[in-house]
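Student: I'd like to learn how to read the contacts in a protein model. Can we go through one together?
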Amino acid sequence: MTLSVAVRRRLGAFDLDATFESEGRLTVLFGPSGSGKTSVVNLIAGLLKPDWGRIAVDGRVLVDTKAQISIPMHRRRIGYVFQDARLFPHLTVRQNLGYGRFFAPKTERKEDFAHVVDLLGIDHLLDRRPSLLSGGEKQRVAIGRALLSSPRLLLMDEPLAALDEARKAEIMPYLERLRDETKVPIVYVSHSIAEVARLATTIAVMAEGKVVACGAARDIVGRLDLMPPDERREAGAVLDMVVAEQDRHFGMTVLRSAAGDIRAVGLNYAIGSVHRVRIRARDVMLAVERPVGLSALNILSGTIAAIAPAGDHLIEVRLNCHGETIISRITRQSLETLALAVGREVFAVVKAVAFDEGTVSREERIET
Amino acid sequence: MNWLGNWLGLGPDEWSAVRLSLQVSSVEMIVSLPFGIIAAMVLARGKFRGKSFLDGVIHLPLVLPPVVTGYLLLITFGRRAPVGAFLADHFGIVFAFRWTGAALACGIMGFPLMVRAIRLSVEAVDRRLESAAGTLGANPAWAFATVTLPLILPGVIAGMILSFARAMGEFGATITFVSNIPGETQTLPSAIYTFTQVPGGDAGALRLTLVSVIVSMAALVISEALARHVGRRLQTR
């Protein structure tokens with residue numbers, strides 16, 4: 001799938017000028033609220049028309065102001081999962097699910113009803129009305145409804161934003177299955193690093209109506225300078241790790257990567273499965289000698305690859321740990337006390353409790 | 001249906017007035033419905049010059065004396081009036097002194113009530129549901145038929161009942177436009193009026209009044225029941 005977007009649109013006093021291309025399975029439009037993410041998605045869906053520009057999916061032009069092409073929304077075949085679900089209140093869940101399917105050309109009805117219902121775990125809801133569903137259930141039905149219209153591209157505008165943490169955790173695995181088990185490419189709007197780090201294959205970072213960076217998820221998530229200030233606490237390096245061992249006695253899981261082994265607690269995953277692990281920069285301590293007598297279980301060795309300021313008195317230190325990147329956020333005082341400099345060998349210390357279901361993804365089955 | 005008339009103790013003329021009123025009101029209600037929905041959609045959603053003028057014209061029958069409305073109809077749709085002559089010559093539709101004219105008068109008198117009720121429910125519809133339907137492949141006509149229309153149904157029902165009830169009671173415009181011809185244009189209110197003008201007509205007037213009350217009550221009860229049924233399906237969004 002190739003999605004190419006190059007559009008300009010004026011919205012009141014706000015100028016949107018977004019250009020990016022993505023070939024990823026799941027492209028995240030990432031940025032703070034008001035950066036224009038939803039507008040970009042609305043332009044792709046056809047809810048908004050650009051003043052200038054072109055949008056194409058797999059070479060199929062959806063809108064091109066120069067060629068005066070603008071396919072109307074209902075013929076774009078682009079699924080849209082709205083932030084607020086927008087289920088039809090007068091229809092049952094089953095009828096809501098069937099709505100888009102009815103309009104899809106028969107030859108293109110790729111998604112099987114039973115499979116989608118099973119994928120999203122909504123079979124017990126089919127005969128209910130939307131008003132009787134919880135927020136998380138509504139959102140799952142909305143995803144199913146969009147999916148069953150057999151779209152060529154699925155847009156998701158912060159589908160988790162209106163939900164509390166428990167509901168988010170409930171839906172996240174379904175989104176991962178969606179990415180890995182269906183063939184529909186997804187464009188996902190988010191301002192949460194936790195979501196982005198778990199889901200994205202490609203990230204386009206937006207700020208003030210512009211795409212400021214676009215690239216593979218791994219490269220972008222580690223760039224703390226691109227992260228919106230209120231999300232920096234959650235930012236950090238993202239590594240793919242394999243479950244190497246399960247220690248039943250202590251309930252520990254050993255996750256392995258080139259950077260070394262990491263021990264995490266309370267993760268019940270099969271040995272050999274691959275997981276995406278986010279190591280928050282604020283959870284990483286640095287030591288100039290291998291520490292002893294420490295409760296923290298994870299000590300990784302590496303060399304300092306880069307040092308960059310991250311705010312007034314904070315420093316972001318980037319380590320090269322045997323080819324993998326680990327990022328640590330420390331104070332300027334620590335930097336000067338330890339006399340850290342690029343090229344110096346250091347030890348990164350991470351507590352095992354820094355890893356949980358929010359930072360370690362479900363098993364990955366995705367080719368990147 | 002005559003047994004009903006007999007059972008109520010109505011004479012043939014009285015029964016024909018009741019039947020005519022029901023016929024006029026039903027036809028008026030059904031024929032004006034599509035126009036009412038279109039007008040409500042235009043007034044609720046449209047953005048154009050002269051919208052408040054259109055709004056005013058539609059609401060005029062509500063504030064004008066009914067006799068004035070009836071007279072305006074007479075000089076527009078009368079046999080020799082411009083529109084009336086055109087319709088009679090080209091389509092064979094005659095309004096003057098026919099029950100169809102009574103239906104036209106009642107339709108126009110009830111139109112603002114119907115439009116107001118439907119418009120309120122159109123304004124309450126979350127338009128984002130229509131764009132959701134659009135992204136799922138429904139063109140605007142389908143989106144209207146499958147999303148908007150079911151959602152405004154309570155308002156449509158209320159508008160229909162209001163228009164029907166208004167037609168059952170319409171007197172001034174009807175008698176001015178199509179007169180008071182027994183069996184052709186003598187509706188329930190006209191018949192009651194006639195009874196009150198002749199000596200000894202009290203009993204007949206009372207019988208018809210009773211029918212009028214029953215029909216109005218029935219309309220209210222039916223509309224309540226329908227609204228509750230539809231409302232239960234919609235509940236919250």
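Tutor: Sure, and let's start with polar contacts: a polar contact is a pair of N or O atoms within 3.5 Å; within protein, one must be able to donate a hydrogen and the other to accept it, and residues adjacent in sequence count only if both atoms are side-chain atoms. By that rule, domain 1 of chain A and domain 2 of chain A have two residue pairs in polar contact (both at pLDDT 80 or more).

Student: What should I know about the model and its numbering?

Tutor: It's a predicted model, where local features need pLDDT of at least 70 and side-chain atom pairs count only at pLDDT 80 or more, while totals for chains, interfaces and linings use all residues. Residues are numbered from 1 along each chain as its sequence is written, chains are lettered from A and ligands numbered from 1 in the order in which they are written, and side-chain values use heavy atoms, with hydrogens and water left out.

Student: Where do the domains of chain A begin and end?

Tutor: The bounds come from an automatic or database domain assignment, which gives domain 1 (3–231) and domain 2 (237–366) for chain A. Their C-alpha centres lie 32 Å apart.

Student: How do I read the size of an interface?

Tutor: The size of an interface is often given as the accessible area lost when the parts come together. Here buried area is the accessible area (1.4 Å probe) that two parts lose on being put together, summed over both. For domain 1 and domain 2 of chain A that comes to about 1,500 Å², with 49% of it on carbon and sulfur atoms. A:Arg198, A:Arg218 and A:Leu224 supply 38% of the area that domain 1 buries against domain 2, more than any other three residues. In contacts (heavy atoms within 4.5 Å), 21 residues of domain 1 of chain A meet 18 residues of domain 2 of chain A.

Student: How many salt bridges does the rule find across the interface of domain 1 and domain 2 of chain A?

Tutor: Zero. The rule asks for a side-chain nitrogen of Lys or Arg within 4 Å of a carboxyl oxygen of Asp or Glu.

Student: And what about chain B against chain A?

Tutor: There, 23 residues of chain B are in contact with 21 residues of chain A. The two chains bury about 2,000 Å² between them, 67% of it on carbon and sulfur atoms. Five residue pairs are in polar contact, both at pLDDT 80 or more. The rule finds one salt bridge across this interface: A:Asp84 with B:Arg128, whose closest N and O atoms are 2.7 Å apart.

Student: Which elements of chain B give two or more residues to the side that touches chain A?

Tutor: Helix H7 (127–135), helix H8 (140–169) and helix H11 (202–234) of chain B. Helices (H or I, at least four residues) and strands (E, at least two) are DSSP runs, numbered from the N terminus. Chain B as a whole has eleven helices and zero strands.

Student: Last one: how do I read an aromatic pair?

Tutor: A pair of aromatic rings is described by the distance of the centres and the angle of the planes. Rings of Phe, Tyr and Trp (its six-membered ring) pair if their centres lie within 6.5 Å; planes under 30 degrees apart count as stacked, over 60 as edge-to-face and the rest as tilted. The structure holds nine such pairs over all chains. One of them, B:Phe77 with B:Phe95, is edge-to-face, at 5.5 Å centre to centre and 85 degrees between the planes. B:Phe77 lies in helix H4 (residues 66–77) of chain B and B:Phe95 in the loop between helix H5 (82–91) and helix H6 (99–124) of chain B, so the pair ties together parts that are 18 residues apart in sequence.
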